[in-house]
2 protein chains.
Amino acid sequence: MKKYGLHGKLSATAGNGDKLAAILLKASKLVSTAKGCHLYLVSKDKNTPDAVWVTEVWDSKEDHDNSLAVAGVRELIAQAMPLLAGMPEKGQELEILGGAGINQQQ
Amino acid sequence: MKKYGLHGKLSATAGNGDKLAAILLKASKLVSTAKGCHLYLVSKDKNTPDAVWVTEVWDSKEDHDNSLAVAGVRELIAQAMPLLAGMPEKGQELEILGGAGINQQQ
C-alpha cells in the first residue's frame, strides 16, 4: 500500500505553540476530505514546547502538494505565518510500507 | 482527543532493513486489535536506508507498553533483535492533540 508520509515541525515564537496548534487543527479538518489524504495529526512534544508537529499520510507527494490549494488552507497559512519562529523546516519524508490504523482502501 | 504518540527509528545492520520491515509489518497486524491502538505505521526514509521507522498512536502510554505482551509480539521481537544495529533508540514521544484520519471514537 506504499504511501507518502511527512513528519514535520513548525516552531512558534515563544508562548504561541497553542495558537499555532489551533490553526493546524482547523487545517486538518479542511484537508481531511482532500484527494489522497489518509492522516493529518497535530501534536506537541514536551521537549519542544513552542513547536507543533504535523504527521501526514497521503497517497502521493502530489496529493500532499495539491492540499495547499484546498479552499481555506491559504487563509490558515496566512494566519499561522506571523506566529512562526522562522521558515518551516523541511519535514521528514517517509515511504509508508504498511501497517494498521489508516484506511488502506481509500 | 489527546492521545499518546511515538515516532521511532529501528536501525538494521547493513542490507537488513527490508527483513526488519517485514517483521514490523507482522507486528502491526498483531497489535492492530490491541486495546487503545489507533495507528501503527511502518516506513522507510531514503536518508536512512537501513532503518525502519514506526509511527504509533495509542490512547495512553500504558496501552502502548501493554502491547509488548500481545500474543506473538515477543516472538517477533526475538526475530528482530539479531537484525538490529545496536539497541533501539528511544523514540519521539508525542501528545496527539487531534487531527484527521484516525478513529477518534475507538
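Contact here means heavy atoms within 4.5 Å of each other. Counted that way in this predicted model, the meeting of the two chains takes 29 residues from chain A and 29 residues from chain B. The size of an interface is often given as the accessible area lost when the parts come together. For chain A and chain B that comes to about 2300 Å², with 60% of it on carbon and sulfur atoms. On the chain A side, a good slice of the buried area goes to A:Leu41, A:Leu97 and A:Ala100, which supply 23% of what chain A buries against chain B, more than any other three residues.

As for which parts of chain A do the touching, helix 1 (17-31), strand 2 (37-44), strand 3 and strand 4 each give two or more residues to the side that faces chain B. Strand 4 of chain A has the largest share, at nine residues. Sorted by type, the chain A side splits into 14 nonpolar, 10 polar and five charged residues. Charged residues or not, zero salt bridges turn up across the interface of chain A and chain B. Polar contacts are another story: 12 residue pairs make them across the interface, both partners being at pLDDT 80 or more.

Then there is the matter of empty space. Searching the whole structure turns up one cavity of 30 Å³ or more, with a volume of about 40 Å³. Its lining draws on both chains: A:Gly5, A:Leu6, A:His7, A:Thr55, A:Glu56, A:Val57, A:Leu94 and A:Ile96 come from chain A, while B:Leu41 and B:Thr55 come from chain B. Within chain A, strand 1 (3-11), strand 3 (51-58) and strand 4 (92-100) each put at least two residues into that lining. By type, the lining residues come out as five nonpolar, four polar and one charged.

How values were computed. Residues are numbered from 1 along each chain as its sequence is written. Chains are lettered from A and ligands numbered from 1 in the order in which they are written. This is a predicted model: local features need pLDDT of at least 70, side-chain atom pairs count only at pLDDT 80 or more; totals for chains, interfaces and linings use all residues. Side-chain values use heavy atoms; hydrogens and water are left out. On a 1 Å grid over the protein atoms alone, a cavity is a set of points where a 1.4 Å probe fits but cannot get out, and a pocket is an open set with protein on both sides within 12 Å along at least five of seven lines; lining residues have an atom within 4 Å of a point. Grid points are joined across faces, edges and corners, and a volume is the space filled by probe spheres set on the points. Helices (H or I, at least four residues) and strands (E, at least two) are DSSP runs, numbered from the N terminus. Ala, Val, Leu, Ile, Met, Phe, Trp, Tyr, Cys and Pro count as nonpolar, Asp, Glu, Lys and Arg as charged, and the others, Gly among them, as polar. Buried area is the accessible area (1.4 Å probe) that two parts lose on being put together, summed over both. A salt bridge is a side-chain nitrogen of Lys or Arg within 4 Å of a carboxyl oxygen of Asp or Glu. A polar contact is a pair of N or O atoms within 3.5 Å; within protein, one must be able to donate a hydrogen and the other to accept it, and residues adjacent in sequence count only if both atoms are side-chain atoms.
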